[in-house]
Amino acid sequence: MRVTHDIEITTSSVILDGQPIVVQQTGEKMLVELYRRFVGDYPKFFKMDTLSRLGFIAAELLLKQPAAGNQQPVDAVILANRSASIKNDRDYLATITEGNYYPSPALFVYTLPNIVTGEIAIRHGIQGETSFYILDTPQQLNAIIAATPFQSALAGWCECSAQDKFYAKLQTIWNN
Amino acid sequence: MEQLIEQLKAQIIEALNFEDMTPADINTDAPLFGEGLGLDSIDALELIMLMDREYGIKLADPKAGKAIFQSVRTMAEYIQANRTK
């Protein structure tokens, strides 16, 4: 198994293949900053919940790397986290509280953590397996990745537990 | 009517998270779905919720939606005729 690229995103830093990307903003504003600087052509980004924005931005930066582009496209997306879609679940819950019952369809569609894998697959035309696991620790994901048949994958930890509390560490991996 | 149209545009931008847009960017008579703003079915549900929340209008007949959501102007005309708040 060969890791070709990796990215780590915290609420105040982005490190791509060991090199920091300088950012001006922090938290969720930083994700918007990264979208405007490195993507800019996918308005659906603004409709996504934070977890999906996080995974989407990480995937955008990773899959734009030249070495990955010279090989066959990634054919699987394998992600995991500890808090599922709790941040968006709470946002949705706030729209159905007693006395203010206006359930938001836009929030409802993100009340599943695996939506982020779908967003990434749609954007990059990935037609292989997409999986999202709820685990205690990132280390548990390694065993799952090792047991999953794929040729090339975007895989890693993609966590958002509350407003401006998120962390992602994703890799592109080749099985050859 | 013009004031309602401007207010409605601002509410649509907020409800649908069009962070780069201003009311001036939305053509009052352009189609909301397909071409024009390019809204999808989830956006349609958000617009239905917006009309309920902001103007007290409950859309009971889904078939009526096609005419109402043709453009911002048709939405505003329907709101003006049917609003309860």
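# Group meeting talk: a walk through chains A and B

Okay, let's start with A:Glu8, which sits in strand β1 of chain A, the run covering residues 2-9. Before I go on, keep in mind that what you have in front of you is a predicted model.

So, A:Glu8. How does A:Glu8 count, buried or exposed or partly exposed? With a relative accessibility of 24%, A:Glu8 counts as partly exposed, because buried would need a value under 20%. Its side chain has a partner: a polar contact of 2.4 Å to the side chain of A:Tyr167. If you set aside the neighbours within four places in sequence, A:Glu8 is in contact with A:Ser13, A:Val14 and A:Ile15, and also with A:Tyr167, A:Ala168 and A:Lys169. And here's a distance for orientation: A:Ala153 is 145 residues from A:Glu8 in sequence, while their C-alpha atoms are 16 Å apart.

One of those contacts was A:Val14, so let's hop over there. A:Val14 belongs to strand β2 of chain A, residues 14-16. This one counts as buried, at 1% relative accessibility. What is A:Val14 in contact with, once neighbours within four places in sequence are left aside? There are ten names to read out, so bear with me: A:Ile7, A:Glu8, A:Ile9, A:Gln19, A:Pro20, A:Ile21, A:Val23, A:Met30, A:Leu34 and A:Leu61. For another distance, take A:Tyr102, which is 88 residues along the chain from A:Val14; the two C-alpha atoms are separated by 36 Å.

Right, on to the rings. How many aromatic pairs does the structure hold over all chains? Six. Let me show you two of them, both involving A:Tyr35. In the pair of A:Tyr35 with A:Phe45, the rings are stacked, with 4.5 Å from centre to centre and 5° between the planes. Where do these two come from? A:Tyr35 lies in helix α1 of chain A, residues 27-38, and A:Phe45 lies in the loop between α1 and α2 (50-63), so the pair ties together parts that are 10 residues apart in sequence. Both A:Tyr35 and A:Phe45 are buried.

The other pair is A:Tyr35 with A:Phe46, and this one is edge-to-face: 5.1 Å centre to centre, with 75° between the planes. Again we have helix α1 on one side and the loop between α1 and α2 on the other, and A:Tyr35 and A:Phe46 are 11 residues apart. As for accessibility, A:Tyr35 is buried with a relative accessible area of 2%, and A:Phe46 is buried too, with 4%.

Now zoom out a little. Which residues form one aromatic cluster here? A:Tyr35, A:Tyr42, A:Phe45, A:Phe46 and A:Phe56. And there's a charge to point at as well: the charged end of A:Arg53 sits over the ring of A:Phe45, 4.9 Å from the ring centre.

Let's move along chain A to A:Glu119. You'll find A:Glu119 in helix α6, residues 115-124. It's a glutamate that counts as buried, with a relative accessible area of 5%. What does its side chain do? The side chains of A:Glu119 and A:Tyr110 are joined by a polar contact of 2.6 Å. Not counting residues up to four places away in sequence, A:Glu119 touches A:Lys44, A:Met48, A:Ser52 and A:Tyr110.

A bit further on is A:Ser131, in strand β5 of chain A, residues 130-134. A:Ser131 is buried as well, with a relative accessible area of 9%. Which side chain does the side chain of A:Ser131 make a polar contact with? That would be A:Glu129, at 2.6 Å. Leaving out residues up to four places away in sequence, A:Ser131 touches A:Val77, A:Ile78, A:Leu79 and A:Thr117.

Last stop: where chain B meets chain A. Here 14 residues of chain B are in contact with 12 residues of chain A. The buried area between the two chains is about 1,100 Å², and carbon and sulfur atoms give 56% of that. How many salt bridges are counted between chain B and chain A? One. That salt bridge is formed by B:Asp43 and A:Lys47, whose closest N and O atoms are 2.7 Å apart. On top of that, four residue pairs are found in polar contact across the interface of chain B and chain A.

That's my tour, thanks for listening.

Terms used:
Residues numbered from 1 in each chain as written. Chains lettered and ligands numbered in written order. Predicted model: local features only at pLDDT ≥ 70, side-chain atom pairs only at ≥ 80, totals over all residues. Heavy atoms only, no water. Phe/Tyr/Trp six-rings, centres within 6.5 Å; stacked < 30°, edge-to-face > 60°. Helix = DSSP H or I, 4+ residues; strand = E, 2+ residues; numbered from the N terminus. Buried < 20%, exposed > 50% of the residue type's maximum accessible area, 1.4 Å probe, protein only. Lys NZ or Arg CZ within 6 Å of the ring centre and 35° of its normal. Polar contact = N/O pair within 3.5 Å; in protein donor to acceptor, adjacent residues only side chain to side chain. Contact = heavy atoms within 4.5 Å. Buried area = accessible area lost by both parts, 1.4 Å probe. Salt bridge = Lys/Arg side-chain N within 4 Å of Asp/Glu carboxyl O.
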